[in-house]
Amino acid sequence: MRVLSGIQPTGRFHWGNYFGAIRQYIDLQHGNEAYYFIANLHALTTVRDPEILWRNTIEAAIDLLALGLDPDRATLFVQSDVPEVSELCWLLMTGTPLGLLERCHAYKEKKARGLTADAGLFTYPVLMAADILAYDADIVPVGMDQVQHIEVCRDLAGSFNHQFGEVFVLPNAKVLEDSAKVPGTDGEKMSKSYENTIDIFEDAKSMRKKIMRIVTDSRPMEDPKDPDTDPLYQLYCLFADPADREVMAAKYRAGGFGYGEVKKALAEVAEAFFAEFRERRSRLAADPEQVAQILADGSERARRKAQQVLQRAQQACGLKAAT
Ligand code: AQP
């Protein structure tokens, strides 16, 4: 199978990114042909400071490598280093109904929150479709929030194929059930733009501070509680092993304990979980040349594949002579 996914360098990666997406990237690099990219063209719709965008892009590469992405198994590259994708995006754009984009929830939500909706944000699902189709991807590991965009990609690829012949492979989203939507410190989806994130490489002190601020209900300590509806318990479950989850769930049901106890346990288990990655990260950060070389090799491999697919699409729709 060919696997592809992208992640935006819009800030530091958070627990939602890790459990919703990055963890799958790492697993799927075994036994598949995997392509992972840092989506700097998408990030440009929100990050308008060149220094920050560039720094975030390099930090994102270091983070992914530290978290276990292996450049000998997977192709890691920066989105804008494969210009074929932008050209493919235009080919798809010419057949994209506006109504399809107007229904996309990421655009609708951002607009509802008063963010200015430019053409980049509006057409983001078309660029995302090009990102996926350019590599003939079969599987796209994502969190629940991206599933609709994969459907858009299938729609666009399907109608292009219908009109011009079998050019594109139709991809499927791969969502992990237990972490499809990781909650943030306010109980809503963990998201940079909601300012409710806990970062993977956050220092221990500030991570503990954020954990202590996670919202909980205000019922008295002695009341029994339902673990399954509590975002704090959901977060604990991401890190704890099944036996510890059971012990914690039993405490919830029995009552007579405070949420502070759960928060302390969460901080400990999260710190231990990311310790090894943290160490690997410091080693990589000290070797920027190695990281630059990995990205250069990755973009070369990715371009080779994208060029084949673009040529196929150009020939199919009459932009190039058929061979
Ligand atoms: N809370 C989450 N739960 C599960 N998966 C999540 N992802 C993001 N948040 C959660 C998944 O992470 C991958 C990278 O997505 P992205 O680059 O689009 O990051 P994002 O969605 O931009 O992250 P934010 O924090 O939500 O950014 P803003 O606020 O800017 O939109 C995707 O696979 C996504 O599903």
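This report walks through a predicted model of one protein chain, from its overall build down to a few single residues.

**Overall build**

Let's start wide. The protein chain carries 14 helices and 5 strands. Its C-alpha atoms fill a box of roughly 75 × 45 × 40 Å along the principal axes. The radius of gyration is 21 Å, which agrees with the value near 20 Å that a compact globule of 323 residues would have. As for burial, 49% of the 323 residues count as buried. Contacts also reach a good way along the sequence: of those between residues at least 6 apart, 78% join residues at least 24 apart.

**Strands S1, S2 and S3**

Three of the strands link up through S2. On one side, S1 and S2 pair in the parallel sense over 6 bridges, with Arg2 standing opposite Glu33 in S2. On the other pairing, S2 (residues 33-38) and S3 run parallel and are joined by 5 bridges. Here Tyr35 stands opposite Thr75 in S3.

How well covered are these strands? S1 (residues 2-7) has 5 of its 6 residues buried, so the rest of the structure largely encloses it. S3 (residues 74-78) is mostly covered too, with 5 of its 5 residues buried. In a regular strand, side chains alternate between the two faces of the sheet. S3 shows Ala74, Leu76 and Val78 pointing one way and Thr75 and Phe77 the other, and all of them are buried.

**The nonpolar cores**

Nonpolar side chains tend to be buried together in soluble globular proteins. In this model the largest nonpolar core has 57 residues, and those with the most contacts inside it are Trp15, Ile22, Tyr36, Leu64, Leu76, Ile200 and Leu266. This core draws at least three residues from each of domain 1 (2-181 + 288-317) and domain 2 (202-282). There is also a second, separate core of 43 residues, with Val85, Cys153, Phe168 and Ala306 among its members. Leu76 ties the first core back to the strands, since this residue is one of those in S3.

**Where helices H3 and H13 meet**

Now for a spot where distant parts of the chain come together. Ala66 sits in helix H3 (residues 50-66), and at 0% relative accessibility this residue counts as buried. Its C-alpha atom is separated by 5.3 Å from that of Arg280, although the two are 214 residues apart along the chain. Leaving out residues up to four places away in sequence, Ala66 touches Phe201, Phe277, Arg280, Arg281 and Leu284.

Arg281 is worth a look of its own. This arginine belongs to helix H13 (residues 259-285). Is Arg281 buried or exposed? Its relative accessible area is 12%, under the 20% cut-off, so Arg281 is buried. The Arg281 side chain makes a polar contact with the side chain of Glu59 at 2.5 Å. Neighbours within four places aside, Arg281 is in contact with Arg12, Glu59, Ile62, Asp63, Ala66 and Phe201.

**Loop residues**

The loops have some points of interest as well. Asp136 lies in the loop between helix H8 (124-133) and strand S4 (139-141). Its phi is near 55°, a positive value in a residue other than glycine. Glu195 also has a positive phi, near 50°, and is likewise not a glycine. This glutamate is in the loop between strand S5 (172-174) and helix H10 (204-212).

Asn196 is found in that loop between S5 and H10 too. Its side chain makes a polar contact with the side chain of Asp186 at 2.8 Å, and reaches the backbone nitrogen of Ser191, again at 2.8 Å. Beyond residues up to four places away in sequence, Asn196 touches Gly184, Thr185, Asp186, Glu188, Lys189, Met190 and Ser191.

What is the relative accessibility of each of these loop residues? The table sets them out.

| Residue | Relative accessibility | State |
|---|---|---|
| Asp136 | 6% | Asp136 buried |
| Glu195 | 74% | Glu195 exposed |
| Asn196 | 1% | Asn196 buried |

So the S5–H10 loop holds an exposed residue, Glu195 at 74%, and a buried one, Asn196 at 1%.

Conventions:
Residues numbered from 1 in each chain as written. Predicted model: local features only at pLDDT ≥ 70, side-chain atom pairs only at ≥ 80, totals over all residues. Heavy atoms only, no water. Helix = DSSP H or I, 4+ residues; strand = E, 2+ residues; numbered from the N terminus. Buried < 20%, exposed > 50% of the residue type's maximum accessible area, 1.4 Å probe, protein only. Core = buried A, V, L, I, M, F, W, Y, C linked by side-chain atoms within 4.5 Å. Domains from an automatic or database assignment. Polar contact = N/O pair within 3.5 Å; in protein donor to acceptor, adjacent residues only side chain to side chain. Contact = heavy atoms within 4.5 Å. Pairing = 2+ DSSP bridges. Rg over C-alpha atoms; globule rule 2.2 N^0.38 Å.
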